[in-house]
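Thanks for sharing this one with me. Here are my notes, written to be read with the structure open beside them.

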Amino acid sequence: MIDKNIYISSLADVQTADIGVNTKVWQFCVILPKAKIGSNCNICANCFIENDVVVGELAHSGEAVLRGPQWQGELPAGRLERSWYSCL
């Protein structure tokens, strides 16, 4: 169950219930079922967050694709921490 202190745009496709309080998910975001989003996060428009990605507390993600740990390459694998702010 998603907490009442979470804002999810009606234009977002959020498939996980693992979202921390005071988090905002804006339009055109896709968050897959096994992703975990921390508290007080701001997931900006047009983000895609794959399964097995953990977004830490107080994170802000811009236009980004956050990939699970099975992907290696340009993006951090599987974790977005408070100290890593993304506008990719």
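The points below go from the overall fold to single residues.

1. Please keep in mind that this is a predicted model. The protein has eleven strands and zero helices. Read from one end of the sequence to the other, the pattern is therefore β-β-β-β-β-β-β-β-β-β-β.

2. On burial and surface, the protein counts 88 residues, and 39% of them are buried. The accessible surface is about 5100 Å². Carbon and sulfur atoms hold 52% of that surface. For contacts between residues at least 6 apart in sequence, 11% join residues that are at least 24 apart.

3. What is the strand order in the open sheet of four strands? The order is β1-β3-β6-β9, and the pairing is parallel. At the edges sit β1 and β9, each of which pairs on one side only. Between β6 and β9, which run parallel, there are two bridges. If you would like a spot to look at, I43 stands opposite S61 in β9.

4. Strand β9 covers residues 60-61, and H60 belongs to it. H60 has a relative accessible area of 25%, so it counts as partly exposed, the class between 20% and 50%. K24 is 36 residues away from H60 in sequence, yet their C-alpha atoms are 9.7 Å apart in space.

5. Now the aromatic rings, where the count comes to one pair. The ring centres of Y7 and W26 are 5.0 Å apart and the planes meet at 50 degrees, so this pair is tilted. The two partners come from distant parts of the chain, 19 residues apart. Y7 is in strand β1 (residues 7-8), while W26 is in the loop between β3 and β4 (30-31). Why is the pair called tilted rather than stacked or edge-to-face? Stacked needs planes under 30 degrees apart and edge-to-face needs over 60, so an angle of 50 degrees leaves tilted. As for exposure, Y7 is partly exposed at 38% relative accessibility, and W26 is partly exposed at 30%.

6. S9 also brings W26 into view. S9 is placed in the loop between β1 and β2. With a relative accessible area of 8%, S9 is buried. Which residues does S9 contact, leaving aside its neighbours within four places in sequence? They are V25, W26 and Q27.

7. T16 deserves a look for its polar contacts. T16 lies in the loop between β2 (13-14) and β3 (24-25). Its relative accessibility is 5%, so T16 counts as buried, the cut-off being under 20%. A polar atom of the T16 side chain lies 3.0 Å from the backbone nitrogen of D18. The side chain of T16 also reaches the backbone oxygen of A35, at 2.9 Å.

8. Two backbone angles may catch your eye. Most residues other than glycine have a negative phi. N22, although not a glycine, has a positive phi of about 60 degrees. N22 lies in the loop between β2 and β3 and is partly exposed, with a relative accessible area of 39%. N40 has a positive phi near 60 degrees and is likewise a residue other than glycine. The loop that holds N40 runs between β5 (36-37) and β6 (42-43). At 36% relative accessibility, N40 counts as partly exposed.

9. Finally, the cysteines. How many disulfides does the structure hold? It holds zero. Why does C44 form no bond with the closest cysteine sulfur? That sulfur, in C47, is 6.2 Å from the sulfur of C44, and a disulfide needs the two within 2.5 Å, so the distance is too far for a bond. C44 counts as buried at 17% relative accessibility. C41 is buried too, with a relative accessible area of 3%.

Technical notes: Residues numbered from 1 in each chain as written. Predicted model: local features only at pLDDT ≥ 70, side-chain atom pairs only at ≥ 80, totals over all residues. Heavy atoms only, no water. Buried < 20%, exposed > 50% of the residue type's maximum accessible area, 1.4 Å probe, protein only. Polar contact = N/O pair within 3.5 Å; in protein donor to acceptor, adjacent residues only side chain to side chain. Contact = heavy atoms within 4.5 Å. Areas by Shrake-Rupley, 256 points an atom, 1.4 Å probe, with all protein chains shown as cover. Phe/Tyr/Trp six-rings, centres within 6.5 Å; stacked < 30°, edge-to-face > 60°. Pairing = 2+ DSSP bridges.
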